[in-house]
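Colleague: Before I rely on any of the labels attached to this fold, I would like to go through them one at a time and hear what each rests on.

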Amino acid sequence: VAGIATAAASGLVGFVIGRQASSNDESGTGPSFHKGPSFRKAPEGRAEVVPPPKQPEIPEGAPATAEARKRVDDEGDKVAVLALPGGKMHEIKILRPQYGDDLFLDIRDLNAKTGYFTFDPGFTCTASCASSITFIDGPKGVCLYRGYPVAELCERGEALEVAYLLLVGTLPNDEELDVFKKEVSRHMIVHTKIQAMYKNFTLNAHPMAIMVSVVGGLSCVFSELDCQDTTHRWLACTRLIAKMPVLAAMAYRTSVGQPFMYPKTKFSFAENFLHMMFATPLEDYEVNPVHAKAIEAFMILHMDHEQNASTSTVRIAGSSQANPYACIAAGIACLWGPAHGGANEAVIQMLEQIGVKENVEQFVADVKAKKDGVRLMGFGHRVYKNYDPRAKFAKVLVQQVLGDLGMQDPMLEVAMELERIALQDEYFTKRKLYPNVDFYTGIMLRAIGIPTSMFTVMFAMSRTVGWVSHWMEMVSEGQMRIGRPRQIYGGIAERSFQPRRGGGALRRR
(Lines give C-alpha, C1' and ligand atoms only; values in the text may rest on other atoms or scores of the structure.)
Protein backbone atom coordinates (compact mmCIF):
# COMPACT_ATOMS: atom_id res chain seq x y z
CA VAL A 1 0.00 0.00 0.00
CA ALA A 2 2.78 2.39 0.96
CA GLY A 3 4.59 1.62 -2.28
CA ILE A 4 1.54 2.40 -4.39
CA ALA A 5 0.88 5.61 -2.45
CA THR A 6 4.51 6.69 -2.88
CA ALA A 7 4.43 5.96 -6.58
CA ALA A 8 1.22 7.92 -6.99
CA ALA A 9 2.64 10.86 -5.09
CA SER A 10 5.73 10.87 -7.27
CA GLY A 11 3.71 10.81 -10.45
CA LEU A 12 4.55 7.24 -11.41
CA VAL A 13 0.89 6.18 -11.22
CA GLY A 14 -1.62 8.37 -12.99
CA PHE A 15 -4.59 8.55 -15.34
CA VAL A 16 -4.91 10.16 -18.72
CA ILE A 17 -8.52 10.50 -19.84
CA GLY A 18 -9.52 10.74 -23.45
CA ARG A 19 -7.18 8.56 -25.53
CA GLN A 20 -8.84 6.57 -28.26
CA ALA A 21 -9.19 2.86 -27.69
CA SER A 22 -6.83 0.65 -29.64
CA SER A 23 -8.20 -1.20 -32.64
CA ASN A 24 -8.08 -4.59 -30.91
CA ASP A 25 -10.50 -3.55 -28.14
CA GLU A 26 -13.42 -5.93 -27.94
CA SER A 27 -16.89 -4.97 -26.87
CA GLY A 28 -18.22 -7.52 -24.41
CA THR A 29 -21.51 -9.23 -25.03
CA GLY A 30 -23.96 -9.35 -22.19
CA PRO A 31 -26.45 -12.03 -21.20
CA SER A 32 -29.86 -12.21 -22.79
CA PHE A 33 -32.87 -10.37 -21.37
CA HIS A 34 -35.09 -12.71 -19.38
CA LYS A 35 -38.53 -13.49 -20.80
CA GLY A 36 -40.32 -14.61 -17.65
CA PRO A 37 -41.52 -18.03 -16.51
CA SER A 38 -43.28 -20.53 -18.72
CA PHE A 39 -46.67 -22.14 -18.13
CA ARG A 40 -46.52 -25.06 -15.72
CA LYS A 41 -47.80 -26.36 -12.40
CA ALA A 42 -46.46 -25.08 -9.11
CA PRO A 43 -43.85 -27.42 -7.60
CA GLU A 44 -46.04 -28.20 -4.62
CA GLY A 45 -48.79 -29.30 -7.01
CA ARG A 46 -51.56 -27.42 -5.22
CA ALA A 47 -52.36 -24.59 -7.61
CA GLU A 48 -51.69 -23.56 -11.17
CA VAL A 49 -48.97 -20.97 -11.46
CA VAL A 50 -50.03 -17.68 -12.95
CA PRO A 51 -47.56 -17.10 -15.80
CA PRO A 52 -45.50 -13.98 -15.20
CA PRO A 53 -46.00 -11.15 -17.66
CA LYS A 54 -43.75 -10.78 -20.65
CA GLN A 55 -40.92 -8.32 -20.37
CA PRO A 56 -41.28 -5.08 -22.34
CA GLU A 57 -40.07 -5.24 -25.92
CA ILE A 58 -36.68 -3.75 -26.71
CA PRO A 59 -37.08 -0.54 -28.75
CA GLU A 60 -35.76 -0.67 -32.30
CA GLY A 61 -32.16 0.47 -32.49
CA ALA A 62 -31.47 -0.16 -28.79
CA PRO A 63 -28.50 -2.33 -27.76
CA ALA A 64 -29.32 -6.00 -28.19
CA THR A 65 -28.41 -7.34 -24.77
CA ALA A 66 -29.38 -6.43 -21.23
CA GLU A 67 -25.79 -5.69 -20.23
CA ALA A 68 -25.23 -3.50 -23.27
CA ARG A 69 -28.46 -1.59 -22.66
CA LYS A 70 -27.35 -0.75 -19.13
CA ARG A 71 -23.70 0.01 -19.80
CA VAL A 72 -23.58 1.95 -23.05
CA ASP A 73 -20.20 3.48 -23.91
CA ASP A 74 -21.13 6.93 -25.20
CA GLU A 75 -17.61 8.26 -24.97
CA GLY A 76 -16.72 7.53 -28.59
CA ASP A 77 -14.41 4.64 -27.66
CA LYS A 78 -12.43 6.89 -25.33
CA VAL A 79 -10.39 5.28 -22.64
CA ALA A 80 -8.54 6.24 -19.49
CA VAL A 81 -4.85 5.44 -19.50
CA LEU A 82 -3.27 4.27 -16.27
CA ALA A 83 0.44 5.04 -15.99
CA LEU A 84 2.18 2.39 -13.90
CA PRO A 85 5.68 2.32 -12.35
CA GLY A 86 8.29 1.40 -14.90
CA GLY A 87 6.54 3.29 -17.67
CA LYS A 88 3.92 0.66 -18.43
CA MET A 89 0.59 2.03 -19.66
CA HIS A 90 -2.78 0.32 -19.32
CA GLU A 91 -5.92 1.38 -21.18
CA ILE A 92 -9.20 1.27 -19.26
CA LYS A 93 -12.47 1.52 -21.12
CA ILE A 94 -14.82 4.30 -20.02
CA LEU A 95 -18.43 3.22 -19.53
CA ARG A 96 -21.44 5.52 -19.49
CA PRO A 97 -24.80 4.18 -18.23
CA GLN A 98 -27.95 4.42 -20.29
CA TYR A 99 -29.09 7.38 -18.16
CA GLY A 100 -27.25 9.77 -15.85
CA ASP A 101 -23.97 11.65 -15.77
CA ASP A 102 -21.77 9.13 -13.97
CA LEU A 103 -18.83 7.59 -15.80
CA PHE A 104 -17.25 4.25 -14.89
CA LEU A 105 -13.82 2.75 -15.48
CA ASP A 106 -14.02 -0.92 -16.51
CA ILE A 107 -11.25 -2.55 -14.44
CA ARG A 108 -12.26 -6.19 -14.87
CA ASP A 109 -9.04 -7.04 -16.69
CA LEU A 110 -6.80 -4.84 -14.52
CA ASN A 111 -5.13 -7.61 -12.53
CA ALA A 112 -4.81 -9.97 -15.47
CA LYS A 113 -3.00 -7.35 -17.55
CA THR A 114 -1.10 -5.35 -14.91
CA GLY A 115 -0.89 -7.46 -11.75
CA TYR A 116 -2.54 -4.68 -9.73
CA PHE A 117 -5.74 -4.70 -7.66
CA THR A 118 -7.81 -1.70 -6.53
CA PHE A 119 -8.52 -0.71 -2.92
CA ASP A 120 -12.02 0.64 -2.19
CA PRO A 121 -13.29 -0.01 1.38
CA GLY A 122 -17.08 0.03 1.51
CA PHE A 123 -17.23 -0.07 -2.31
CA THR A 124 -17.91 3.67 -2.36
CA CYS A 125 -16.49 4.07 -5.87
CA THR A 126 -17.19 0.63 -7.31
CA ALA A 127 -20.13 -0.64 -9.37
CA SER A 128 -20.54 -4.36 -8.70
CA CYS A 129 -23.29 -5.02 -11.22
CA ALA A 130 -25.44 -3.62 -14.00
CA SER A 131 -29.09 -2.97 -13.11
CA SER A 132 -32.10 -1.27 -14.69
CA ILE A 133 -34.29 -1.18 -11.56
CA THR A 134 -33.50 2.02 -9.64
CA PHE A 135 -31.65 5.17 -10.67
CA ILE A 136 -30.17 7.59 -8.13
CA ASP A 137 -28.48 10.92 -8.76
CA GLY A 138 -27.09 11.85 -5.35
CA PRO A 139 -25.90 15.39 -6.10
CA LYS A 140 -29.23 16.31 -7.70
CA GLY A 141 -31.41 14.45 -5.21
CA VAL A 142 -33.15 12.19 -7.76
CA CYS A 143 -34.54 8.68 -7.17
CA LEU A 144 -36.38 6.80 -9.92
CA TYR A 145 -38.01 3.36 -9.98
CA ARG A 146 -37.82 2.09 -13.55
CA GLY A 147 -37.77 5.75 -14.66
CA TYR A 148 -40.65 6.96 -12.47
CA PRO A 149 -39.97 9.48 -9.63
CA VAL A 150 -40.59 7.75 -6.30
CA ALA A 151 -42.69 10.64 -4.97
CA GLU A 152 -45.10 10.36 -7.93
CA LEU A 153 -45.49 6.62 -7.37
CA CYS A 154 -46.23 7.25 -3.67
CA GLU A 155 -48.85 9.87 -4.47
CA ARG A 156 -50.65 8.03 -7.26
CA GLY A 157 -49.75 4.34 -7.07
CA GLU A 158 -50.48 1.27 -4.98
CA ALA A 159 -47.89 -0.89 -3.28
CA LEU A 160 -48.53 -3.99 -5.39
CA GLU A 161 -48.68 -1.89 -8.55
CA VAL A 162 -45.17 -0.59 -7.81
CA ALA A 163 -44.02 -4.07 -6.81
CA TYR A 164 -45.10 -5.31 -10.25
CA LEU A 165 -43.25 -2.39 -11.84
CA LEU A 166 -40.00 -3.24 -10.07
CA LEU A 167 -40.27 -6.94 -10.86
CA VAL A 168 -41.36 -6.70 -14.49
CA GLY A 169 -40.15 -3.30 -15.68
CA THR A 170 -43.49 -1.81 -16.75
CA LEU A 171 -46.60 -0.67 -14.90
CA PRO A 172 -49.44 -3.21 -15.11
CA ASN A 173 -52.72 -2.56 -16.84
CA ASP A 174 -55.94 -3.21 -14.91
CA GLU A 175 -56.12 -6.88 -15.89
CA GLU A 176 -52.45 -7.56 -15.13
CA LEU A 177 -52.70 -5.86 -11.74
CA ASP A 178 -55.82 -7.83 -10.85
CA VAL A 179 -54.10 -11.13 -11.73
CA PHE A 180 -50.99 -10.13 -9.76
CA LYS A 181 -53.04 -9.16 -6.68
CA LYS A 182 -54.86 -12.50 -6.73
CA GLU A 183 -51.59 -14.39 -7.06
CA VAL A 184 -50.07 -12.51 -4.11
CA SER A 185 -53.22 -13.07 -2.07
CA ARG A 186 -53.02 -16.84 -2.61
CA HIS A 187 -49.44 -16.92 -1.38
CA MET A 188 -50.19 -15.12 1.91
CA ILE A 189 -50.97 -18.42 3.64
CA VAL A 190 -48.01 -19.50 5.78
CA HIS A 191 -47.08 -23.17 6.19
CA THR A 192 -47.96 -24.55 9.64
CA LYS A 193 -44.36 -25.69 10.16
CA ILE A 194 -43.21 -22.07 9.78
CA GLN A 195 -45.96 -20.90 12.15
CA ALA A 196 -44.76 -23.45 14.68
CA MET A 197 -41.33 -21.79 14.73
CA TYR A 198 -42.82 -18.75 16.47
CA LYS A 199 -43.67 -20.82 19.56
CA ASN A 200 -39.97 -21.20 20.28
CA PHE A 201 -39.19 -17.47 20.45
CA THR A 202 -39.21 -15.73 23.81
CA LEU A 203 -41.43 -12.71 24.46
CA ASN A 204 -38.41 -10.40 24.52
CA ALA A 205 -37.03 -11.65 21.19
CA HIS A 206 -36.44 -8.77 18.81
CA PRO A 207 -38.81 -9.00 15.81
CA MET A 208 -35.85 -8.74 13.41
CA ALA A 209 -34.23 -11.78 15.03
CA ILE A 210 -37.48 -13.63 14.45
CA MET A 211 -37.65 -12.48 10.83
CA VAL A 212 -34.12 -13.69 10.05
CA SER A 213 -35.06 -17.13 11.39
CA VAL A 214 -38.46 -17.64 9.82
CA VAL A 215 -37.57 -16.26 6.39
CA GLY A 216 -34.54 -18.53 6.31
CA GLY A 217 -36.88 -21.31 7.42
CA LEU A 218 -38.92 -20.88 4.24
CA SER A 219 -36.04 -22.52 2.38
CA CYS A 220 -36.93 -25.73 4.23
CA VAL A 221 -40.54 -25.63 3.05
CA PHE A 222 -39.62 -24.66 -0.52
CA SER A 223 -36.41 -26.63 -0.80
CA GLU A 224 -37.35 -27.97 -4.25
CA LEU A 225 -36.71 -24.59 -5.84
CA ASP A 226 -34.61 -24.59 -9.01
CA CYS A 227 -33.14 -21.16 -9.70
CA GLN A 228 -32.62 -22.07 -13.36
CA ASP A 229 -36.36 -22.63 -13.80
CA THR A 230 -38.11 -19.38 -14.69
CA THR A 231 -41.37 -20.52 -13.09
CA HIS A 232 -39.64 -21.30 -9.82
CA ARG A 233 -37.97 -17.88 -9.82
CA TRP A 234 -41.27 -16.09 -10.26
CA LEU A 235 -42.84 -18.22 -7.53
CA ALA A 236 -40.05 -17.38 -5.11
CA CYS A 237 -40.47 -13.64 -5.74
CA THR A 238 -44.25 -13.56 -5.41
CA ARG A 239 -44.21 -15.83 -2.37
CA LEU A 240 -41.73 -13.58 -0.56
CA ILE A 241 -43.64 -10.39 -1.40
CA ALA A 242 -46.86 -12.04 -0.18
CA LYS A 243 -45.55 -13.71 2.95
CA MET A 244 -43.37 -10.95 4.39
CA PRO A 245 -46.27 -8.84 5.79
CA VAL A 246 -47.78 -12.00 7.30
CA LEU A 247 -44.49 -13.07 8.88
CA ALA A 248 -43.87 -9.52 10.11
CA ALA A 249 -47.28 -9.32 11.77
CA MET A 250 -46.73 -12.75 13.32
CA ALA A 251 -43.41 -11.53 14.73
CA TYR A 252 -45.18 -8.62 16.39
CA ARG A 253 -47.99 -10.77 17.75
CA THR A 254 -45.39 -13.15 19.18
CA SER A 255 -43.58 -10.30 20.92
CA VAL A 256 -46.77 -9.18 22.67
CA GLY A 257 -48.13 -12.68 23.35
CA GLN A 258 -51.24 -12.38 21.18
CA PRO A 259 -52.74 -14.97 18.79
CA PHE A 260 -52.10 -14.73 15.06
CA MET A 261 -54.67 -13.07 12.82
CA TYR A 262 -54.91 -14.38 9.28
CA PRO A 263 -55.23 -12.29 6.11
CA LYS A 264 -58.60 -11.78 4.43
CA THR A 265 -59.30 -11.47 0.72
CA LYS A 266 -61.58 -8.46 1.29
CA PHE A 267 -58.62 -6.33 2.39
CA SER A 268 -55.96 -4.65 0.26
CA PHE A 269 -52.28 -5.45 0.77
CA ALA A 270 -51.76 -2.64 3.30
CA GLU A 271 -55.15 -3.19 4.96
CA ASN A 272 -54.32 -6.86 5.48
CA PHE A 273 -51.09 -5.94 7.24
CA LEU A 274 -52.90 -3.60 9.64
CA HIS A 275 -55.59 -6.25 10.22
CA MET A 276 -52.98 -8.88 11.05
CA MET A 277 -51.16 -6.46 13.35
CA PHE A 278 -54.02 -5.01 15.38
CA ALA A 279 -57.19 -7.12 15.00
CA THR A 280 -58.37 -9.46 17.75
CA PRO A 281 -60.50 -12.63 17.58
CA LEU A 282 -63.16 -10.91 19.71
CA GLU A 283 -64.51 -8.43 17.18
CA ASP A 284 -64.35 -7.28 13.58
CA TYR A 285 -61.53 -4.91 12.76
CA GLU A 286 -62.19 -1.76 10.76
CA VAL A 287 -59.10 -0.53 8.94
CA ASN A 288 -58.50 3.20 9.19
CA PRO A 289 -58.09 4.37 5.57
CA VAL A 290 -55.55 7.01 6.66
CA HIS A 291 -53.43 4.29 8.25
CA ALA A 292 -53.70 2.11 5.13
CA LYS A 293 -52.65 5.01 2.89
CA ALA A 294 -49.66 5.70 5.13
CA ILE A 295 -48.56 2.04 5.00
CA GLU A 296 -48.87 1.99 1.19
CA ALA A 297 -46.73 5.13 0.89
CA PHE A 298 -44.17 3.86 3.40
CA MET A 299 -43.80 0.60 1.50
CA ILE A 300 -43.31 2.33 -1.85
CA LEU A 301 -40.76 4.75 -0.38
CA HIS A 302 -38.66 1.87 0.94
CA MET A 303 -39.08 -0.74 -1.81
CA ASP A 304 -35.70 -0.21 -3.41
CA HIS A 305 -32.68 2.05 -3.27
CA GLU A 306 -30.14 0.74 -5.74
CA GLN A 307 -27.04 -1.11 -4.41
CA ASN A 308 -27.29 -0.41 -0.68
CA ALA A 309 -25.73 -2.67 1.95
CA SER A 310 -28.62 -5.14 2.26
CA THR A 311 -29.34 -5.33 -1.49
CA SER A 312 -25.66 -5.96 -2.16
CA THR A 313 -25.77 -8.65 0.53
CA VAL A 314 -28.69 -10.36 -1.23
CA ARG A 315 -26.85 -10.19 -4.55
CA ILE A 316 -23.62 -11.59 -3.10
CA ALA A 317 -25.51 -14.42 -1.39
CA GLY A 318 -27.39 -15.07 -4.62
CA SER A 319 -24.17 -15.16 -6.62
CA SER A 320 -23.32 -18.43 -4.86
CA GLN A 321 -26.64 -19.84 -6.20
CA ALA A 322 -28.02 -20.03 -2.67
CA ASN A 323 -31.73 -20.59 -2.09
CA PRO A 324 -33.48 -17.20 -2.56
CA TYR A 325 -35.23 -17.44 0.82
CA ALA A 326 -31.81 -17.76 2.45
CA CYS A 327 -30.59 -14.80 0.37
CA ILE A 328 -33.44 -12.62 1.63
CA ALA A 329 -32.75 -13.75 5.20
CA ALA A 330 -29.17 -12.53 4.71
CA GLY A 331 -30.54 -9.19 3.52
CA ILE A 332 -32.73 -8.93 6.62
CA ALA A 333 -29.73 -9.58 8.86
CA CYS A 334 -27.78 -6.80 7.14
CA LEU A 335 -30.72 -4.40 7.32
CA TRP A 336 -31.03 -4.96 11.06
CA GLY A 337 -27.95 -2.82 11.79
CA PRO A 338 -28.53 0.71 13.16
CA ALA A 339 -26.37 2.18 10.40
CA HIS A 340 -28.85 0.83 7.81
CA GLY A 341 -32.45 -0.18 8.51
CA GLY A 342 -32.41 0.73 12.19
CA ALA A 343 -31.86 4.43 11.52
CA ASN A 344 -35.52 5.53 11.87
CA GLU A 345 -35.69 3.91 15.30
CA ALA A 346 -32.52 5.84 16.23
CA VAL A 347 -34.18 9.08 15.07
CA ILE A 348 -37.10 8.53 17.45
CA GLN A 349 -34.69 7.94 20.31
CA MET A 350 -32.85 11.16 19.42
CA LEU A 351 -36.06 13.21 19.29
CA GLU A 352 -37.12 11.76 22.65
CA GLN A 353 -33.71 12.73 24.02
CA ILE A 354 -34.21 16.34 22.84
CA GLY A 355 -37.67 16.44 24.41
CA VAL A 356 -39.12 19.82 23.35
CA LYS A 357 -38.30 22.18 20.52
CA GLU A 358 -36.86 24.74 22.93
CA ASN A 359 -33.98 22.31 23.52
CA VAL A 360 -33.07 22.00 19.83
CA GLU A 361 -30.55 24.85 19.74
CA GLN A 362 -28.58 23.38 22.62
CA PHE A 363 -28.72 19.94 21.03
CA VAL A 364 -27.34 21.35 17.75
CA ALA A 365 -24.56 23.08 19.68
CA ASP A 366 -23.70 19.79 21.40
CA VAL A 367 -23.58 18.01 18.04
CA LYS A 368 -21.19 20.59 16.64
CA ALA A 369 -19.05 20.38 19.77
CA LYS A 370 -18.98 16.57 19.38
CA LYS A 371 -20.21 16.09 22.92
CA ASP A 372 -20.08 12.50 24.15
CA GLY A 373 -23.35 10.64 23.72
CA VAL A 374 -24.85 13.26 21.35
CA ARG A 375 -25.36 12.21 17.73
CA LEU A 376 -27.42 13.72 14.94
CA MET A 377 -29.52 10.94 13.44
CA GLY A 378 -31.58 11.06 10.25
CA PHE A 379 -29.28 13.55 8.51
CA GLY A 380 -26.85 12.81 5.74
CA HIS A 381 -26.61 9.89 3.32
CA ARG A 382 -23.83 7.93 1.64
CA VAL A 383 -25.28 8.71 -1.81
CA TYR A 384 -27.32 11.90 -1.51
CA LYS A 385 -25.41 15.17 -1.29
CA ASN A 386 -28.66 17.07 -1.48
CA TYR A 387 -32.09 16.74 0.12
CA ASP A 388 -33.19 13.09 -0.06
CA PRO A 389 -36.22 13.16 -2.43
CA ARG A 390 -37.90 10.48 -0.33
CA ALA A 391 -37.52 12.66 2.77
CA LYS A 392 -39.35 15.52 1.06
CA PHE A 393 -42.34 13.30 0.46
CA ALA A 394 -42.11 11.72 3.92
CA LYS A 395 -42.29 15.17 5.54
CA VAL A 396 -45.48 16.01 3.66
CA LEU A 397 -46.90 12.55 4.32
CA VAL A 398 -46.41 12.67 8.10
CA GLN A 399 -48.10 16.08 8.22
CA GLN A 400 -51.05 14.72 6.21
CA VAL A 401 -51.37 11.62 8.36
CA LEU A 402 -51.31 13.58 11.64
CA GLY A 403 -53.75 16.11 10.20
CA ASP A 404 -56.18 13.45 8.97
CA LEU A 405 -55.99 11.74 12.35
CA GLY A 406 -56.51 15.02 14.20
CA MET A 407 -53.29 14.48 16.15
CA GLN A 408 -50.63 16.88 17.34
CA ASP A 409 -47.34 15.16 18.02
CA PRO A 410 -44.78 17.31 19.88
CA MET A 411 -42.10 15.10 18.34
CA LEU A 412 -42.97 16.47 14.88
CA GLU A 413 -42.46 20.01 16.18
CA VAL A 414 -39.04 19.00 17.50
CA ALA A 415 -38.13 17.38 14.17
CA MET A 416 -39.20 20.37 12.09
CA GLU A 417 -37.35 22.79 14.38
CA LEU A 418 -34.23 20.63 14.17
CA GLU A 419 -34.45 20.59 10.39
CA ARG A 420 -34.97 24.38 10.25
CA ILE A 421 -31.97 25.18 12.44
CA ALA A 422 -29.68 22.61 10.80
CA LEU A 423 -30.43 23.78 7.27
CA GLN A 424 -29.60 27.35 8.24
CA ASP A 425 -26.29 26.37 9.81
CA GLU A 426 -23.21 26.33 7.59
CA TYR A 427 -21.74 23.54 9.72
CA PHE A 428 -24.36 21.11 8.35
CA THR A 429 -24.87 22.50 4.84
CA LYS A 430 -21.12 22.56 4.20
CA ARG A 431 -21.01 18.87 5.09
CA LYS A 432 -24.05 18.12 2.89
CA LEU A 433 -26.06 16.97 5.91
CA TYR A 434 -29.70 17.09 4.84
CA PRO A 435 -32.63 15.10 6.26
CA ASN A 436 -32.91 11.58 4.86
CA VAL A 437 -35.95 9.32 4.57
CA ASP A 438 -35.55 8.01 8.12
CA PHE A 439 -35.94 11.44 9.68
CA TYR A 440 -39.74 11.66 9.37
CA THR A 441 -41.00 8.12 8.71
CA GLY A 442 -40.59 7.02 12.32
CA ILE A 443 -42.97 9.76 13.49
CA MET A 444 -45.56 8.58 10.98
CA LEU A 445 -45.25 4.95 12.03
CA ARG A 446 -45.63 5.95 15.67
CA ALA A 447 -48.78 7.92 14.83
CA ILE A 448 -50.51 4.87 13.37
CA GLY A 449 -49.55 2.64 16.30
CA ILE A 450 -46.48 0.79 15.01
CA PRO A 451 -44.08 0.22 17.95
CA THR A 452 -40.46 1.28 17.49
CA SER A 453 -39.27 -2.35 17.72
CA MET A 454 -41.17 -2.98 14.47
CA PHE A 455 -39.72 -0.07 12.49
CA THR A 456 -36.89 -2.09 10.94
CA VAL A 457 -39.27 -4.98 10.27
CA MET A 458 -41.46 -2.56 8.32
CA PHE A 459 -38.39 -1.57 6.34
CA ALA A 460 -37.58 -5.23 5.62
CA MET A 461 -41.16 -5.97 4.61
CA SER A 462 -41.00 -3.13 2.07
CA ARG A 463 -37.44 -3.68 0.84
CA THR A 464 -38.19 -7.33 0.08
CA VAL A 465 -39.73 -6.15 -3.20
CA GLY A 466 -36.44 -4.59 -4.23
CA TRP A 467 -34.40 -7.54 -2.98
CA VAL A 468 -36.34 -10.10 -5.01
CA SER A 469 -36.33 -7.79 -8.05
CA HIS A 470 -32.53 -7.60 -7.92
CA TRP A 471 -32.24 -11.33 -7.32
CA MET A 472 -34.54 -12.03 -10.28
CA GLU A 473 -32.60 -9.64 -12.49
CA MET A 474 -29.25 -11.10 -11.46
CA VAL A 475 -30.23 -14.73 -12.05
CA SER A 476 -32.31 -14.14 -15.19
CA GLU A 477 -29.61 -12.12 -16.93
CA GLY A 478 -26.78 -14.43 -15.95
CA GLN A 479 -24.93 -11.96 -13.72
CA MET A 480 -23.91 -14.90 -11.55
CA ARG A 481 -20.18 -14.44 -11.15
CA ILE A 482 -19.69 -15.20 -7.47
CA GLY A 483 -18.81 -12.21 -5.30
CA ARG A 484 -15.24 -12.48 -4.11
CA PRO A 485 -13.63 -9.17 -2.97
CA ARG A 486 -9.90 -8.96 -2.41
CA GLN A 487 -8.08 -7.58 0.63
CA ILE A 488 -4.89 -5.79 1.56
CA TYR A 489 -3.22 -8.12 4.01
CA GLY A 490 -1.91 -6.37 7.10
CA GLY A 491 -0.76 -9.36 9.11
CA ILE A 492 2.53 -11.10 9.86
CA ALA A 493 4.77 -12.52 7.14
CA GLU A 494 5.25 -16.29 6.77
CA ARG A 495 6.98 -17.94 9.74
CA SER A 496 7.72 -21.47 10.90
CA PHE A 497 5.69 -23.24 13.56
CA GLN A 498 7.73 -24.52 16.48
CA PRO A 499 5.79 -27.23 18.36
CA ARG A 500 5.89 -27.45 22.11
CA ARG A 501 8.09 -30.19 23.60
CA GLY A 502 6.23 -33.43 23.25
CA GLY A 503 3.44 -31.78 21.33
CA GLY A 504 2.20 -32.52 17.85
CA ALA A 505 -0.19 -35.21 16.67
CA LEU A 506 2.48 -37.20 14.76
CA ARG A 507 4.87 -37.29 17.75
CA ARG A 508 2.20 -38.55 20.13
CA ARG A 509 1.68 -41.56 17.87
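Colleague: How many salt bridges does a search of the whole structure find, and what makes R315 and E473 a salt bridge?

Modeller: The search of the whole structure finds 12 salt bridges. The term requires a side-chain nitrogen of Lys or Arg within 4 Å of a carboxyl oxygen of Asp or Glu, and since the N to O distance between the side chains of R315 and E473 is 2.7 Å, the pair satisfies that cut-off and therefore carries the name. This is a predicted model, in which local features need pLDDT of at least 70 and side-chain atom pairs count only at pLDDT 80 or more, while totals for chains, interfaces and linings use all residues. Residues are numbered from 1 along each chain as its sequence is written, and side-chain values use heavy atoms, with hydrogens and water left out.

Colleague: Which parts of the chain does the pair of R315 and E473 link, and are these residues buried or exposed?

Modeller: R315 belongs to helix α12 (residues 309-319) and E473 to helix α20 (residues 455-476), 158 residues apart, so the pair links distant parts of the chain; the elements are DSSP runs numbered from the N terminus, helices being H or I of at least four residues and strands E of at least two. Buried means under 20% relative accessible area, exposed over 50%, and partly exposed in between, with a 1.4 Å probe and protein chains only. R315 is at 6%, so it is buried, and E473, at 4%, counts as buried too.

Colleague: How do you know that K140 and D101 form a salt bridge, and why is D109 called partly exposed?

Modeller: The side chains of K140 and D101 meet at 3.2 Å, N to O, which is within the limit for a salt bridge; both residues are exposed. K113 forms a salt bridge with D109, with the closest N and O atoms 3.1 Å apart, and D109 has a relative accessibility of 25%, so it falls between the buried and exposed limits and counts as partly exposed. Salt bridges also link E352, D409 and R446 into a network.

Colleague: Why is the pair of F180 and W234 called tilted, while the pair of F379 and F439 is edge-to-face?

Modeller: Rings of Phe, Tyr and Trp (its six-membered ring) pair if their centres lie within 6.5 Å, and planes under 30 degrees apart count as stacked, over 60 as edge-to-face and the rest as tilted. For F180 and W234 the centres are 6.3 Å apart and the planes at 55°, so the pair is tilted; F180 lies in helix α6 (residues 174-186) and W234 in helix α9, 54 residues apart. For F379 and F439 the centres are 4.9 Å apart and the planes at 75°, so that pair is edge-to-face. The structure holds 10 aromatic pairs, and ring pairs join Y164, F180 and W234 into a cluster.

Colleague: Why are F180, W234 and F439 called buried or exposed, whichever applies?

Modeller: The relative accessible area of F180 is 2%, so F180 is buried, and W234, at 3%, is buried on the same criterion. F439 has 0% relative accessibility and therefore counts as buried.

Colleague: What makes the buried residues of α15 lie on one side or on several?

Modeller: The buried residues of α15 are V360, F363, V364, D366 and V367. They cover an arc of only 160° around the axis, which puts them on the same side of α15; the arc is that of the directions from the helix axis to the C-beta atoms. These residues pack against α14 (343-354), α17 (410-423) and α18 (426-430).

Colleague: What makes a set of residues a nonpolar core, and which residues touch the most other members of the largest one?

Modeller: A nonpolar core is a set of buried Ala, Val, Leu, Ile, Met, Phe, Trp, Tyr and Cys residues joined through side-chain atoms within 4.5 Å. Of the 127 residues in the largest core, Y145, V215, M303, M350, L418 and W471 touch the most other members. Helix α9 (residues 230-255) gives the most to this core, with 14 residues. Apart from it lies another core of 6 residues, among them A80, I92, I94 and L110; I94 is in strand β3 (residues 89-95) and has a relative accessible area of 3%, so it is buried.

How values were computed: Contact = heavy atoms within 4.5 Å.
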